[in-house]
Amino acid sequence: NNNNRRLSSGYEYDRVAVLQELGYWVIIYGAPLPLDTLPADKSAATQGDLLDLMRLYALNLTDHSLAMMLNFDTVITGPLDDAFNSLLNDTDKKALYGTNSNNQVNAGAIIVKTGFYDDVIQAYLSAPYDSVTGWDQTNTVGLGTEGLLSYYFSLDSYVYEPMMSSSSTNILSFAVNPDCGLPWECVYDDLWDSTTASQCRELDNAWYSFLHHFAEEKWLNHDNPVNTTLGAYYPNYFLGYCAESGSRGFRSIVLTELAPPVSPAPVSSAPISEAPVSPAPVVPTTDAPEPTDPPVYPAPVFSGNRPPVAPSTPAPQEETPPPVPTESGSSNPTTMPPHNVGVLAYTPLGCNTNVTPALDSNDCLASNLTLHSLLINSGLLGSTDEELTIPCGACYTVDTTDGSTVTVPGGLKVLGRLHFPSSANLVLNTTSVFVQGLWSMETPTLGNTVTISIYGNESKTLYPHDECCDDSSGDPFRPTCDLNCEGKKVLGMKPFAVAGGQLDIRAIDDTCPSWTKLRDVVTVDLTSSSKRVL
């Protein structure tokens, strides 16, 4: 699930377990609005846009006077008392926010008075939006948090006031200069002008100084800290935590042998079709006892100890939405609307819906489309880098029967159906398998064997077809995918992943029993000298 984090080495660890070990209380929220109920003018919104709106739940933490939204690339370099007090002491003002390089709201640095969540959500639903002219023809474009709040805050420039994202306010954010990249990407360019070089160095130094302090002060219970003398890539910028350019060069303090292993995160009773979750917001915990009752859908998923706060009493309402636990554990029907929570999940592809003949029918296999013909027709026979796609709505049969090896170096993406009949006899070599359609295998004929061998040392990324790709290229074998899609999922090396698809594998004949009754039960006295061996 999406609680897990994969390092560039391919090692995966549980972020929730890491945070809990450090004493944090973890809450996992889902998208506040369902994608299929948006107004027509918001139809361009992606699931990634809606998941990005999870940040807005900060506006609804009404047990607190103030809340703050932070990104991982934002660094707090000192106390923020002045900003907090200026906001608290001004009865009209509701938010202070940082800006990015386009002078729009930087959602990675926003301080808000809580309580206007419903107003912002209503603005998202009711304000007109056009992909060219933006929100209400203001030229503010974007259906995620930053686009929405840039428009919403502009409606009253006094109530929502920008704050400088600089060292003078004790907040530094990489959003102010995209040339600096993200801190864990180890970005440096010899062609930077002096202003950019100075700004990026200030940002990198602040972020890596914080990382180093965290490693020294909070990661004390782990041995073998990062040896910063080995990070020789511009150490005056990255302080020894980068060995080379790019995210692969970043030397994480979470080492393979030290991080808590991946374990199932607690989930609510939400159905599996609910939307994926994003990295969890965190708040420090105390020694409060564990909650006695698990969360109930559509509540957020709770993990760890809850801080003690006074119970809140909901005001009576004519229509009561499903109860949502507050931080105190009470149910406050006015706190949050239903939203998607639970596990990372995908749904069947829309392009396979209502196709004729149906993918799972024998009629579909009668099309006589074969894997060998696909390799030839797609021009990928012998290719070393392109992914082989089984097109949506189509059924292809594996026609290799002589035990030979079929190699697909670029990986195999099954959007339609790939079928292995009983006559199939081969070794299929590939670097990844992503099943978003149907993968079916009959019981092999006696003497036949199907071996799937996945090799390689490069990390692979899953692009959910409905969310990230389209057929604008006109080539069904090469769908166009947005490489920056919010819904993409890095799965590491040699993945075999089923995302919204289906496996139908018949390893043995259906009539072969998989269990049998015991003929008899015998009690054996193992205390006597004449022990019986069963």
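This passage describes the disulfides, one helix, the salt bridges and a nonpolar surface patch of a predicted model.

The structure holds six disulfides, and when the bonded cysteines of the protein chain are numbered in sequence order, the pairing reads 1-3, 2-4, 5-7, 6-8, 9-12, 10-11. One of these links is the disulfide between Cys180 and Cys200, with an S to S distance of 1.9 Å. The link of Cys180 and Cys200 is left-handed, with -85 degrees about the S-S bond. Because Cys180 lies in the loop between β11 (171-173) and α6 (194-217), whereas Cys200 belongs to helix α6 itself, the pair ties together parts that are 20 residues apart in sequence. Both partners are buried, Cys180 with a relative accessible area of 1% and Cys200 with a relative accessibility of 0%.

A disulfide also joins Cys351 to Cys392, with an S to S distance of 1.7 Å, and this link is right-handed, with 65 degrees about the S-S bond. Here distant parts of the chain, 41 residues apart, are linked, since Cys351 is placed in the loop between β13 (301-303) and α8 (362-365) and Cys392 in the loop between β14 (388-390) and β15 (395-397). Cys351 is partly exposed at 28% relative accessible area, and Cys392 is likewise partly exposed, at 23%. In the disulfide of Cys469 and Cys481, the sulfur atoms are 2.0 Å apart, and the value of 100 degrees about the S-S bond makes the link right-handed. Cys469 lies in strand β24 (residues 469-470) and Cys481 in strand β25 (residues 480-481), twelve residues apart; Cys469 counts as buried, at 11% relative accessibility.

Helix α6, which carries Cys200, has 24 residues that should span 34 Å at 1.5 Å a residue, and this agrees with the 34 Å that separates its end C-alpha atoms. The buried residues of α6 include Thr196, Ala197, Cys200, Leu203, Trp207, Leu211 and Phe214, and the buried residues of the helix pack against β5 (74-76), β11 and α7 (235-238). As a general point, an α-helix has 3.6 residues a turn, so residues three or four places apart point the same way.

A search of the whole structure finds seven salt bridges. Among them is the bridge between the side chains of Glu386 and Arg478, at 2.8 Å from N to O, which links Glu386 in the loop between α9 (371-377) and β14 to Arg478 in the loop between β24 and β25, 92 residues apart. Arg478 also meets Asp475 in a salt bridge of 2.9 Å, N to O, and Glu386, Asp475 and Arg478 are thus linked in a network of salt bridges. The three members of this network are partly exposed, with relative accessibilities of 32% for Glu386, 28% for Arg478 and 23% for Asp475.

Glu387 forms a salt bridge with Lys413, the closest N and O atoms being 3.5 Å apart. Glu387 lies in the loop between α9 and β14 and Lys413 in strand β17 (residues 412-414), so this pair ties together parts that are 26 residues apart in sequence. Glu387 is partly exposed, at 26% relative accessible area, whereas Lys413 is buried, at 7%.

On the surface, Phe496, Val498, Leu503 and Ile505 make a nonpolar patch of about 320 Å², to which β27 (496-498) and β28 (502-505) each give two or more residues. Phe496, placed in strand β27, is partly exposed at 35% relative accessibility.

Definitions and conventions:
Residues are numbered from 1 along each chain as its sequence is written. This is a predicted model: local features need pLDDT of at least 70, side-chain atom pairs count only at pLDDT 80 or more; totals for chains, interfaces and linings use all residues. Side-chain values use heavy atoms; hydrogens and water are left out. A disulfide is a pair of cysteine sulfur atoms within 2.5 Å. Helices (H or I, at least four residues) and strands (E, at least two) are DSSP runs, numbered from the N terminus. Buried means under 20% relative accessible area, exposed over 50%, partly exposed in between (1.4 Å probe, protein chains only). Patches are made of residues with over 30% relative accessible area and no salt bridge: like charges are joined within 9 Å, nonpolar side chains (Val, Leu, Ile, Met, Phe, Trp, Tyr) within 5 Å. Accessible areas come from the Shrake-Rupley method with a 1.4 Å probe; for residues, only the protein chains shown count as cover. A salt bridge is a side-chain nitrogen of Lys or Arg within 4 Å of a carboxyl oxygen of Asp or Glu. The expected span of a helix is 1.5 Å times one less than its number of residues. Contact means heavy atoms within 4.5 Å.
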